[in-house]
Amino acid sequence: MPEEEGQGLHQTRPEGAARTGFVNVQRRITIDPVTRLEGHGKIEIFLDEAGQVERAYFQVPELRGFEKFVQGRPAEDMPQITSRICGVCPTAHHMAATKALDNLYRVDPPPTAKIIRELVYNTFMAEDHTLHFYFLGGPDFVVGPDAPAAERNVLGVIGKVGVETGRKVIAMRRRWRELIALVAGKTVHPVFGLPGGVAKRVTPEMQRQFQEVAADGVEFAKFTLGLFKDVVLKNTDYVDLILSDLYTHRTYYMGLVDDHNRTNFYDGWIRVVTPEGKEWKKFASDQYLDNVAEHVEPWSYVKFCYLKQVGWKGFREGLESGIYSVAPLARLNVSDGMSTPLAQEAYDEYFSVLGGKPVHHTLANHWARLVELIHAAERMQELAADPRLTEPDIRILPTESPREGIGVVEAPRGTLIHHYQTDENGLIRKANLIVATQNNSARMAMSVEKAAKGLISGGDIPEGVLNRVEMAFRAYDPCHGCATHSLPGSMPLLVRVWDPRGQTLGMLRRDLDGKVRRE
Amino acid sequence: MTEKYAVSNALNSLLEQPQCGSHKCSVRLLCLGNELLGDDALGSKVAAQFRRFALPDLDIVCTPETGLQLLDHVVNVNRLIVVDTVVTGSAPLGTIYELRDTAVPRVPGPSPHYVGLLETLAVARELRLPAAKQVCILAVEARGCLTIGQDMHPAIVAAIPDLIQMLRQRIGTKMVEFASCGEETTAIPIRNSP
């Protein structure tokens, strides 16, 4: 979401614009849109004369005008503004913005306020991860990548796991959402974060509710992981798919860890490990500009983040390339373990089965997400049992003059950074957001290209290829935050083939009824 | 249906509780859109207009949520009337569509991962939740939904009075009930932009 100037971020530009010529000399495939569930985008695949994939691009429209819109507004409005911009993970933006305000006013919230925030945040993570596993990742793994197209959808997932299980998923999700609303005011637009604390106390009755739901949440998380093992890990085809080179990239990884290098969604150090799994750097959130830069490509609105000291070396993996990844796979790779017992058990099994650290298999994100689901549920239980939760001291009023503040959390989709600069009255002069999908954008582009190159040969594009290419980025749970809505009839899925002279040779179209037609 | 993965009886208590968050009502006006995103603000503008009227039997919900996040809003209601923007690129800005939906279970959508409003309704029905029996969708052709803080296009603003009038008619009249799965959904332009 950052504006052109990048808020001091170092940007590189491509060496030349030669790629723009590809359109005229290659055959071209367009998959548009990828999905509109969480923003929309398209994949463009360019074929050479032999029908082989030469390049593939993952393109998304980016929200515009953020910096201009917030200029001159009170910094205290940012938790509400940023959560309203994003209809997908408003709680993550609300929390990152609130932490940026703490930093802006140089105020350290009291322990009870931090416990309340982390409790709400883990509740949100549990809900979001559950939704993703069952309804977004589910078609790939619960139903299966090679299942008939008519079954590879949310209803197919319900058919596979059973209606009663589906009802439990919905009921669990509802109870988590009700708890968020209980403390944060609303689930859509939380209003509880304030610089220096939170707006509302947790009463003993609310604590009892949290404890009850947290206990059910742990059971639910265990059940979900069990289902994953049953459906996915017992299926050698699925395991082979996860481990296949087609969905593997050896990149750097980034995520928040606590003082003991264990995963923490709410707070901690930003830790980066190399493709070999060694710690490359661990730094405080206010040092992100020293470590992260952005690269611009002419074919995308998205700026591609990379590690500044390693440098931008193109869309390449390996130790010499600064491309890194965030999200569940990355968070487990950067951590030395989990702070809760069941999650630690799941963490150990995850790395044991997948061959040790780091895991480079993109599709393992789905499994890592469930390890995190268990952690979120257990962490809820820990926090809900903390006797300090109901204490009255929930805010320290800021007294310092504001100047600059940075707040970082781990959103469900990865590291989320909010950075504000204000005048002495606390009015925003500059604001920069680095969202999770932006951190992942370079690796996602590589994933799409690798899948396309591995799956499309000789110009032959079977329908199943579309799904397998989509799977390459779907595991990242990409979110472009625009939360636009879609009505039927407006957005079919297209694969268009162009000849070297720019003439359409044919089109593969997947319509709203799920049928694939050739035109 | 036999449960294939019913491994945890401890979770059965979940089924004894209400399955969704919204309170029971007869008619709900569900206004979709983001007030900060240009033309996508239409839903919130319409909701604000209706909140000025005294309509005690009407539940008005305005949200920027999408996909399965809408689940709470499509259940516990008999009739659901939806207002949204739509970008087809094939009609003038401000064109109003009425979606005479006769096929709720429209999955899969354009992608196996796609979950839109109608897929969410299908999920609610599949899970035997108290989903809306009748649904009417009024959508306005829009274009600029990606610029934060941008005003709605004048053609969208100009469509609001007619849209309000149509909504009042739909709220006060019985809507066509959903038919069986598999029939075509038709989006019929019923008012063209000037």
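A residue is called buried here if 20 or more other C-beta atoms lie within 10 Å of its own, and exposed if 12 or fewer do. Keep that in your pocket; the model is a predicted one.

**Exercise 1.** Work out whether Val82(B) is buried or exposed, and say which residues it is in contact with.

*Solution.* Start by placing the residue: Val82(B) belongs to strand β3 of chain B, residues 77–86. Next, count: there are 26 C-beta neighbours inside 10 Å, so Val82(B) is buried. Now look for contacts, skipping neighbours within four places in sequence: you get Leu30(B), Leu32(B), Leu117(B), Val135(B) and Ile137(B). One last check on Ala139(B): this residue sits 57 residues from Val82(B) along the chain, with 8.0 Å between the two C-alpha atoms.

**Exercise 2.** Check the length of helix α12 of chain A against its residue count, then find which of its residues are buried and what they pack against.

*Solution.* First the length. Helix α12(A) runs over residues 341–353, and at 1.5 Å a residue its 13 residues should span 18 Å; the end C-alpha atoms are 19 Å apart, so the two agree. Then the burial: Ala343(A), Ala346(A) and Tyr347(A) are the buried ones. Their arc around the axis is only 105°, so they lie on the same side of α12(A). Flip to the other side and you find Pro341(A) and Ser352(A), both exposed. As for partners, the buried residues pack against α8 (204–233), α11 (328–334) and α13 (365–384) of chain A. After the helix comes Gly355(A), with a positive phi near 90°.

**Exercise 3.** Give the strand order of the four-stranded open sheet in chain A and explain why two strands have one side without a neighbour.

*Solution.* Read off the order: β9-β8-β7-β12 (chain A), with mixed pairing. The edges are β9 (279–283) and β12 (324–325) of chain A; each has a single partner strand, so one side of each lacks a neighbour in the sheet. Now zoom in on one pair: β7 (residues 252–257) and β8 (residues 269–273) of chain A are antiparallel, joined over five bridges. In that pair, Val257(A) faces Trp269(A) of β8(A).

**Exercise 4.** Describe the side of domain 1 of chain A that touches domain 3 of chain A.

*Solution.* Set the bounds: the assignment gives domain 1 as 33–62 + 437–518, domain 2 as 108–248 + 361–397 and domain 3 as 250–340 in chain A. The contact draws 15 residues from domain 1 and 16 residues from domain 3 of chain A. On the domain 1 side, β4 (53–59) and α14 (436–455) of chain A are the elements giving two or more residues. The largest share, eight residues, is from α14(A). By type, that side splits into seven nonpolar, five polar and three charged residues.

Conventions
Residues are numbered from 1 along each chain as its sequence is written. Chains are lettered from A and ligands numbered from 1 in the order in which they are written. This is a predicted model: local features need pLDDT of at least 70, side-chain atom pairs count only at pLDDT 80 or more; totals for chains, interfaces and linings use all residues. Two strands pair if DSSP finds at least two bridges between them. The expected span of a helix is 1.5 Å times one less than its number of residues. The arc is that of the directions from the helix axis to the C-beta atoms. Two residues are in contact if their C-beta atoms, placed from the backbone, lie within 7 Å. Domain bounds come from an automatic or database domain assignment. Ala, Val, Leu, Ile, Met, Phe, Trp, Tyr, Cys and Pro count as nonpolar, Asp, Glu, Lys and Arg as charged, and the others, Gly among them, as polar.
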